[in-house]
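Visitor: I'm new to reading protein structures. Could you walk me through this one?

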Amino acid sequence: MLAAAAVFPSPVACMLLRGLFGYKIGKRVRIGFSIIDAAECEIGNDVSIGHFNIFTGIRGLSVGEHTRIGVLNIFRGGDEIRIGRYCDILRLNEINSIPEPDIINIANPRFLMGDGSMMGASHKIDFTDRVEFGKRVILGGRNSSIWTHNRQATSPVTIGDFSYVGSEIRIAPGGAIPAKCIVGIGSVITKRFDNENRLIAGVPAAEVKELNEEGRFLTERKTRNDLPDDI
């Protein structure tokens with residue numbers, strides 16, 4: 001039935017998702033040919049979801065107002081996927097939580113994307129344990145990957161407010177990037193960093209230097225022209 005709802009024009013699809021499945025969908029929401037399968041779902045006003053996205057096996061899904069989700073993205077599994085206000089997720093991203101992982105610890109499978117954050121193309125995020133982006137985080141370019149599990153254990157990953165993560169980045173379980181940092185192209189994050197306003201780069205990554213004025217401009221600039229001043 002969810003697949004059937006996806007083929008209808010957006011106003012009809014929204015009506016069916018509200019009436020048949022109890023989803024809370026705001027005003028002026030546009031949903032393309034996409035499947036949304038969640039036990040609970042709340043979508044804010046003025047959200048745009050493009051064609052050929054799949055949301056499946058999610059216990060709780062929420063998408064904040066004015067968020068834009070492009071095409072051909074996969075969101076799968078977990079206790080919660082929460083995408084904040086004024087976020088952008090472009091295309092071909094895979095955001096996945098392993099169901100019933102064979103691990104020795106207790107995991108917290110949640111993907112939380114802060115207000116005003118942005119994700120580029122072809123990134124892979126494993127949130128078998130918690131992955132959290134602060135506000136106005138940029139996961140830019142393409143082909144980065146974030147992992148929260150190894151063979152028998154998990155550990156969460158966090159990226160602080162206003163940080164910019166470049167292309168081809170790898171973040172291992174337990175990795176943490178502080179607020180207002182830039183992570184250079186091709187870096188491999190294998191540990192928790194603590195100091196803000198730093199350029200982090202290398203394999204394995206290390207603090208290179210404190211950000212100069214140009215670097216701070218990159219982290220402080222708004223991610224969208226219509227971003228409210230309170231984000």
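Guide: Let's look at a sheet and then at a pocket, keeping in mind that this model is predicted.

Visitor: How do strands hold together in a sheet, and what order do the strands have here?

Guide: In general, strands of a sheet pair through backbone hydrogen bonds, and the pairing can be parallel or antiparallel. Here you've got an open sheet of 10 strands with mixed pairing, in the order 2-4-6-9-12-15-18-21-23-24.

Visitor: Which strands stand at the edges?

Guide: Those are strand 2 (30-31) and strand 24 (205-210). Each has a single partner strand, so one side of each is left without a neighbour in the sheet.

Visitor: Can you show me some pairs further in?

Guide: Try strand 15 (residues 138-142). Strand 12 (residues 118-121) runs parallel to strand 15, joined by 3 bridges; one to look for puts Met118 with Ile138. Strand 18 (residues 164-165) also runs parallel to strand 15, with 2 bridges, and there Ile138 has Tyr164 as its bridge partner.

Visitor: Which strand is joined to strand 21 (residues 182-183) by 2 bridges?

Guide: Strand 23 (residues 198-202), and the two run parallel. Find Ile182 and you'll see Leu199 of strand 23 opposite.

Visitor: Now the pocket. How do you spot empty space?

Guide: Rolling a probe the size of a water molecule over the atoms shows where empty space is left. In this model, the largest pocket holds about 190 Å³ of space.

Visitor: Which residues lie nearest the centre of the largest pocket?

Guide: Arg59, Ile98, Pro99, Glu100 and Pro109, out of 13 lining residues. The lining is a mix: 6 nonpolar, 5 polar and 2 charged.

Definitions and conventions. Residues numbered from 1 in each chain as written. Predicted model: local features only at pLDDT ≥ 70, side-chain atom pairs only at ≥ 80, totals over all residues. Heavy atoms only, no water. Pairing = 2+ DSSP bridges. Helix = DSSP H or I, 4+ residues; strand = E, 2+ residues; numbered from the N terminus. 1 Å grid on protein atoms, 1.4 Å probe; cavity = no way out; pocket = protein on both sides within 12 Å on 5 of 7 lines; lining within 4 Å. Points joined across faces, edges and corners; volume = space filled by probe spheres on them. Nonpolar A, V, L, I, M, F, W, Y, C, P; charged D, E, K, R; others polar.
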